[in-house]
Amino acid sequence: MKSSEIKEMAPQEIEERIDALSQELVRMKLNHTISPLENPMKIKHTRQDIARMKTILRQKQLNEKS
């Protein structure tokens with residue numbers, strides 16, 4: 001997911017998306033432990049998407065306080 005797409009989302013929507021991706025990440029890690037995934041880079045990309053969303057969410061929260 002691109003940063004520009006995340007910036008257009010509402011803070012609550014970003015939080016919901018972070019929760020969903022976090023659950024998906026845990027599921028992918030467990031599945032990868034049992035049997036290798038077709039594309040293990042998907043774990044890395046999901047982790048990066050979560051970090052990107054958390055960063056933008058924090059920026060939005062700081063802008064609201066100012």
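This briefing covers the core, helix H2 and one buried lysine of the structure above. The model is predicted; local features need pLDDT of at least 70, side-chain atom pairs count only at pLDDT 80 or more, and totals for chains, interfaces and linings use all residues. Residues are numbered from 1 along each chain as its sequence is written, and side-chain values use heavy atoms, with hydrogens and water left out.

**Nonpolar core**
- The largest nonpolar core has 12 residues, among them Ile6, Met9, Ile43 and Leu57.
- Such a core is a set of buried Ala, Val, Leu, Ile, Met, Phe, Trp, Tyr and Cys residues joined through side-chain atoms within 4.5 Å.
- Buried means under 20% relative accessible area (1.4 Å probe, protein chains only).
- Ile56 belongs to this core.
- Ile56 touches Ser3, Ile6 and Lys7 (heavy atoms within 4.5 Å), leaving out residues up to four places away in sequence.

**Helix H2**
- Helices are DSSP runs (H or I, at least four residues), numbered from the N terminus.
- H2 has 24 residues and should span 34 Å at 1.5 Å a residue (1.5 Å times one less than its number of residues).
- The end C-alpha atoms of H2 are 35 Å apart, which agrees.
- Ile14, Ile18, Leu21, Leu25 and Met28 are the buried residues of H2.
- These residues pack against helix H1 (3-7) and H3.

**Lys60**
- Lys60 lies in helix H3.
- Lys60 is buried yet has no salt bridge (a side-chain nitrogen of Lys or Arg within 4 Å of a carboxyl oxygen of Asp or Glu).
- Glu64, the nearest side chain of opposite charge, is 7.5 Å away.
- The Lys60 side chain reaches the backbone oxygen of Met9 at 2.3 Å.

Definitions and conventions: Buried < 20%, exposed > 50% of the residue type's maximum accessible area, 1.4 Å probe, protein only. Helix = DSSP H or I, 4+ residues; strand = E, 2+ residues; numbered from the N terminus. Lys, Arg positive; Asp, Glu negative; His and termini not counted. Polar contact = N/O pair within 3.5 Å; in protein donor to acceptor, adjacent residues only side chain to side chain.
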